[in-house]
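Me: I should like to go through this chain by question and answer, from its overall build to single residues.

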Amino acid sequence: MPFITTQPAFRFTQGTRPLLISMPHVGTHVPPGLAARFTPEAREVHDTDWHLERLYDFAQDLGASVLVATHSRYVVDLNRPPDNENLYPGQDTTGLCPVDTFDKTPIYAAGDVPDAAEIMLRHDAVWQPYHKQLQTELARLKAVHGSVALWDAHSIRSVVPRFFEGQLPDLNLGTANGASCDTGLAQTLLGIGQAASDYQAVLNGRFKGGYITRQYGRPADGVHAVQLEMTQRCYMQETMPFDYLPEPAAQVQPTLRAMLTAVLGFVEWRGR
């Protein structure tokens with residue numbers, strides 16, 4: 001199937017300090033020709049990381065650069081490797097161009113899933129530009145500051161039986177089992193999360209970081225990457241219509257800000 005999109009792959013705001021916040025799963029755009037092949041449920045793009053731009057609205061005050069996806073993960077998943085390798089061997093997960101939702105319902109109404117040629121077109125039109133911008137900004141920040149942090153921001157329903165049993169902890173930090181970020185910094189972030197009494201925080205539990213964290217985190221080279229997968233119940237309705245909830249959001253924002261402040265303090269000290 002041909003793939004045509006007229007939307008840019010990302011929105012980007014350049015900051016002044018050595019922190020890049022990536023939001024690869026907030027996009028909701030599905031090109032009309034592709035949406036026509038989706039089920040009605042899939043067109044609602046339920047598995048979006050809703051409202052993260054609003055939740056992290058303090059990022060510019062911190063001087064961070066922010067990179068935001070525009071297309072739905074159902075079009076192409078920016079946090080999956082281009083060869084579609086399973087990042088969690090032996091566990092169920094979704095692919096580069098998913099064919100089913102987190103609830104294992106089909107995305108394509110007639111079963112006309114993308115073939116290899118269509119997947120490559122989506123990769124070239126959406127995946128590649130996002131990653132090129134991510135790489136370019138990391139290189140710029142590192143050249144200017146000497147050390148840089150990449151924060152990959154995600155959210156998910158607190159209960160998704162396909163991926164884990166029971167209720168997920170609220171704040172799931174991932175550093176690829178210590179490979180993508182200084183271990184001392186990771187422990188500091190975990191401590192900030194654990195100090196927030198209303199939330200549970202874990203490090204390298206079910207979510208260890210996806211492709212972005214694992215690909216770009218190189219602490220020995222001064223690039224520290226952390227993924228935060230937080231439960232949506234912390235700041236929004238987890239079911240339709242997926243509304244943002246200002247009061248819970250305001251409660252969790254100080255913890256997010258404290259984490260990012262700690263990250264900035266660490267990389268700015270390392271970059272001296």
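The exchange below concerns the fold, the core, one helix and one strand residue.

The model is predicted: local features need pLDDT of at least 70, side-chain atom pairs count only at pLDDT 80 or more, and totals for chains, interfaces and linings use all residues. Residues are numbered from 1 along each chain as its sequence is written, and side-chain values use heavy atoms, with hydrogens and water left out.

Me: In what order do the elements of the chain run from the N terminus on?
Reply: Helices (H or I, at least four residues) and strands (E, at least two) are DSSP runs, numbered from the N terminus. The chain has seven of each. Their order is β-β-α-α-α-β-α-β-β-α-β-α-β-α.

Me: What radius of gyration does the chain have?
Reply: The radius is taken over C-alpha atoms, and the globule rule is 2.2 Å times the number of residues to the power 0.38. For 272 residues a compact globule would come out near 19 Å, and the chain agrees with this at 18 Å.

Me: Which helix gives the most residues to the largest nonpolar core?
Reply: A nonpolar core is a set of buried Ala, Val, Leu, Ile, Met, Phe, Trp, Tyr and Cys residues joined through side-chain atoms within 4.5 Å; buried means under 20% relative accessible area, exposed over 50%, partly exposed in between (1.4 Å probe, protein chains only). Of the 84 residues in this core, Ile21, Leu55, Tyr56 and Trp151 touch the most other members. The greatest contribution, nine residues, comes from helix α7 (residues 246-270).

Me: Where do the buried residues of α5 lie around the axis?
Reply: In α5, the buried residues are Leu185, Ala186, Leu189, Leu190 and Gly193. The arc is that of the directions from the helix axis to the C-beta atoms. These residues cover only 140°, which puts them on the same side of α5.

Me: Against which elements do the buried residues of α5 pack?
Reply: Contact means heavy atoms within 4.5 Å. The partners of the buried residues of α5 are β4 (148-156), β5 (171-174), β6 (201-203), β7 (223-231) and α7.

Me: Is valine 226 buried or exposed?
Reply: Valine 226 has its place in strand β7. Among the residues in contact with valine 226, beyond its neighbours within four places in sequence, are Leu150, Trp151 and Leu189. Because its relative accessibility is 3%, valine 226 counts as buried.
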